[in-house]
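The report that follows describes a single protein chain, moving from individual residues to the overall architecture. Please read it with the sequence and the structure at hand.

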Amino acid sequence: MRSVCGACSPTCPELHRTHELVRQFAGMLDTRDATPLQEWLDQLTNSGLPPLAGIATALREEQYAVAQGITTPYNSGVNEGRITDVKLQKRVMGGRASVPLLRHRVVLIAHLRRHYADQRTLAPPNPGLDRHGARSMPCTAGQPGQGARCRRRCI
């Protein structure tokens, strides 16, 4: 983003200013220091960009919670993921099924999520595959003594 922002800053000062403000907020998150929050909200308000001023107004209403979110190492990411799963299943099923079936599907998704998360942390890396399961080394199919041809597009 820095190279893109550097190229756009002469032609789009709004983008450059927004990028600076986002980087300042990211710095607060990295250091877990909420002391510059009030000044940062003032900068948002005085930026001259209505969307950023609207964000500042909304964050001022919950400023204590925002400060706590910046300074504490805890988050609710796991809970938010579960809520997203439930909402997704409700949308997929579209009111066509009963609550027991919804419960069954949500439990199944949680089990699968846990199973695959454990596999990612416990499985030894395969030297012939990258992290997406694609070949990271040249295919040897077609070389003498290698058997059948590879069906994948080889590097």
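## The end of helix 2 and the loop that follows

Asp30 is found in helix 2, and with a relative accessible area of 63% this residue is exposed. The model discussed here is a predicted one, and in it Asp30 and Thr71, although 41 residues apart in sequence, have their C-alpha atoms 9.6 Å apart in space.

Arg32 belongs to the loop between helix 2 and helix 3. The backbone of Arg32 has a positive phi of about 55°, although the residue is not a glycine. As for the solvent, Arg32 counts as partly exposed, at 40% relative accessibility.

## A salt bridge within helix 2

How many salt bridges are there in the protein? The count comes to 3, and the pair formed by Arg17 and Glu20 is one of them, with the closest N and O atoms 3.2 Å apart. Both Arg17 and Glu20 lie in helix 2, which covers residues 13-31, and their spacing of 3 residues corresponds to about one turn of the helix.

Neither partner falls under the 20% limit for a buried residue or over the 50% limit for an exposed one. Arg17, at 26% relative accessibility, counts as partly exposed, and Glu20, at 31%, is likewise partly exposed.

## Helix 3 against helix 4

Helix 3 (residues 37-45) and helix 4 (residues 50-61) pack at an angle of about 145°, and their axes are 7 Å apart. On the side of helix 3 the contact involves Gln38, Trp40, Leu41, Asp42, Leu44 and Thr45, and on the side of helix 4 these residues meet Leu52, Ala53, Ile55, Ala56, Leu59 and Arg60. By residue type, the contact of helix 3 with helix 4 divides into 8 nonpolar, 2 polar and 2 charged residues.

Asp42 and Arg60, both listed among the contact residues, form a salt bridge in which the closest N and O atoms are 2.8 Å apart. Because Arg60 lies in helix 4 and Asp42 in helix 3, the pair ties together parts that are 18 residues apart in sequence. Arg60 counts as partly exposed at 29% relative accessibility, and Asp42 is also partly exposed, with a relative accessible area of 34%.

## Helix 6 and helix 7

Asp85 is found in helix 6, which spans residues 77-93. Is Asp85 buried or exposed? With a relative accessibility of 9%, Asp85 counts as buried, because the limit for that class is under 20% relative accessible area. When its neighbours within four places in sequence are left aside, Asp85 is in contact with Ile109 and Arg113.

The contact between Asp85 and Arg113 includes a salt bridge, whose closest N and O atoms are 2.8 Å apart. This pair links distant parts of the chain, with Asp85 in helix 6 and Arg113 in helix 7, 28 residues apart. The two partners fall in separate accessibility classes: Asp85 is buried, with a relative accessible area of 9%, whereas Arg113 counts as partly exposed at 40%.

## A nonpolar patch at the surface

Leu112 lies in helix 7, which runs over residues 99-122. Together with Leu108 and Tyr116, Leu112 makes a nonpolar surface patch of about 280 Å². Leu112 itself is partly exposed, with a relative accessible area of 36%, so the residue passes the requirement of over 30% for belonging to a patch.

## The chain as a whole

The protein contains 7 helices and 0 strands, and from the N terminus on, its elements run α-α-α-α-α-α-α. Of its 155 residues, 15% count as buried. The accessible surface of the protein comes to about 12100 Å², and 58% of that surface belongs to carbon and sulfur atoms.

Among the contacts in the protein with a separation of 6 or more, those between residues 24 or more positions apart account for 30%. The salt bridge of Asp85 with Arg113 joins residues 28 positions apart, whereas the bridge of Arg60 with Asp42 spans 18 residues in sequence.

Notes
Residues numbered from 1 in each chain as written. Predicted model: local features only at pLDDT ≥ 70, side-chain atom pairs only at ≥ 80, totals over all residues. Heavy atoms only, no water. Axes fitted to C-alpha atoms, helices over the stretch in contact; angles between N-to-C directions. Helix = DSSP H or I, 4+ residues; strand = E, 2+ residues; numbered from the N terminus. Contact = heavy atoms within 4.5 Å. Nonpolar A, V, L, I, M, F, W, Y, C, P; charged D, E, K, R; others polar. Buried < 20%, exposed > 50% of the residue type's maximum accessible area, 1.4 Å probe, protein only. Areas by Shrake-Rupley, 256 points an atom, 1.4 Å probe, with all protein chains shown as cover. Patch = residues over 30% accessible without salt bridge, like charges linked within 9 Å, V, L, I, M, F, W, Y side chains within 5 Å. Salt bridge = Lys/Arg side-chain N within 4 Å of Asp/Glu carboxyl O.
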